[in-house]
Amino acid sequence: MKPGHWDIFCVVVDNYGDAGVAWRLARELALEHGIAVRLYCDRLRTLASIVPAIDASRDGQSVDGIDVRAWGGPSANDAIDADADVVIDIFGCGLPESLLVAMTQRPRQPVWNNAEHLSAESWVASTHALPSRHPRLPLVRYFFFPGFSAGTAGLLRERDLFSRRDAFQSSEVARASLWRRLRLPPPGPGTLAVSLFCYANHSLTVLVDAWAEQSREVFCIVPPGAAWPALQPWMGGPLQPGRPFRRGRLLISAIPFVAQDDYDALLWACDLNFVRGEDSFVRAQWAARPLVWHAYPQAEDAHRLKVDAFLARYGKALPAGGADAYRAFSRAWNDVTPMYADLWRGLMDFHATLDGHARAWAQELERLPEFANSLAQFVSDRV
Ligand code: TRH
């Protein structure tokens with residue numbers, strides 16, 4: 001099949017994940033599949049914070065071969081050319097009515113896919129790629145699910161990601177250059193370097209108390225987010241880039257929000273990564289370093305099912321003690337059970353095991369389908 005021309009639509013509901021996933025998908029399709037991609041985003045400012053080459057004040061710009069466009073969202077009346085061969089709405093953000101009508105009038109309708117949210121739950125494989133008829137218009141939309149099993153579309157992963165990661169992790173020069181860019185001191189020998197990206201979290205102060213009191217030095221690097229205001233009362237002052245804070249064995253440094261590629265490098269450089277949502281969660285798995293996931297909190301605690309489903313898959317190849325410690329800490333971090341310092345100590349007893357497991361897990365996932373490839377294959381089977 002000829003690569004053709006694809007339109008991707010993204011609504012930033014909150015935070016960075018919507019734009020983060022849309023950008024990653026657009027970039028892989030453009031750079032690895034030679035597809036002409038237009039990316040419509042209703043908040044260019046958010047996109048620009050993860051991709052600094054994007055100018056948030058400009059509509060219509062080419063970055064990494066992607067035609068980046070501003071739009072007003074599915075209910076706005078923007079004039080959008082209905083000439084794409086493939087249309088994707090990220091996380092089911094919806095498309096403008098005028099575009100849907102124009103799609104029905106094309107001699108050959110575009111393939112319309114909804115790129116879905118990630119879950120490790122087992123129902124995903126049986127729902128992936130199913131068609132759904134539009135309630136009023138003669139259009140079909142397919143539901144495309146990322147996931148952790150062969151029956152799903154898999155996860156987004158750039159072709160050269162592992163070779164870049166491995167080159168970084170084996171190069172002292174590359175790591176030193178990252179710490180310089182972040183204006184941070186390189187962690188000393190034996191120090192546990194931790195990145196901390198999370199939502200508002202009741203367990204945070206229990207954790208920093210445990211870090212301050214333990215025997216091993218902890219260097220905690222905190223990008224902007226809920227952790228900054230949450231740590232302020234504990235620190236007795238604001239957390240800001242350039243103003244490190246020490247208590248006992250714990251050194252905390254805030255960093256500004258960094259470009260998506262530098263965030264990858266931070267994950268590669270740390271010994272443990274606290275991540276959240278979807279995209280940082282996946283990137284931490286590719287980093288092949290132990291991770292703790294904070295799931296996006298959902299109504300009626302629906303996210304707890306997602307946490308347990310992930311823990312069941314991730315813990316399968318761990319020895320029983322390690323799986324229990326990991327599960328207990330992760331569930332407390334997600335507010336399913338109370339957090340205690342002992343849970344942290346239990347987790348650290350298995351840090352070396354978790355480290356080996358993280359690499360094996362990344363290799364295991366690498367054998368599954370890759371999301372952009374799955375999508376390109378799915379489309380090529382239909383046009
Ligand atoms: O930011 P998130 O919480 O995003 C989302 C959204 O809330 C979204 O509505 C919801 O659907 C989804 O979670 C489940 O977390 P996430 O998914 O990890 O996205 C963060 C993005 O920001 C990711 O692409 C990595 C990037 N990032 C940087 O580029 N630089 C940084 O410094 C940091 C901390 C993150």
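I will walk through how the ligand sits in this predicted model.

Local features were taken at pLDDT of at least 70 and side-chain atom pairs only at pLDDT 80 or more, while totals for chains, interfaces and linings use all residues. Residues are numbered from 1 along each chain as its sequence is written, and side-chain values use heavy atoms, with hydrogens and water left out.

The shell around the ligand, counting residues with a heavy atom within 4 Å of it, holds 22 residues, and the closest are Asp 14, Tyr 199, Val 258, Asp 279 and Ser 280.

Turning to polar contacts, meaning pairs of N or O atoms within 3.5 Å, a backbone N or O atom of Val 258 lies 2.6 Å from a ligand nitrogen atom. Two contacts go to ligand oxygen atoms: a backbone N or O atom of Glu 278 lies 2.9 Å from an oxygen, and a polar side-chain atom of Ser 280 lies 2.6 Å from an oxygen. Taken alone the ligand exposes 710 Å², of which the protein buries 98%, with areas from the Shrake-Rupley method and a 1.4 Å probe.

As for where the shell comes from, helices here being DSSP runs of H or I with at least four residues, H1 (17–33), H9 (260–269) and H10 (279–286) each give two or more residues, and H1 supplies the largest share, three residues.

Definitions and conventions
A polar contact is a pair of N or O atoms within 3.5 Å; within protein, one must be able to donate a hydrogen and the other to accept it, and residues adjacent in sequence count only if both atoms are side-chain atoms.
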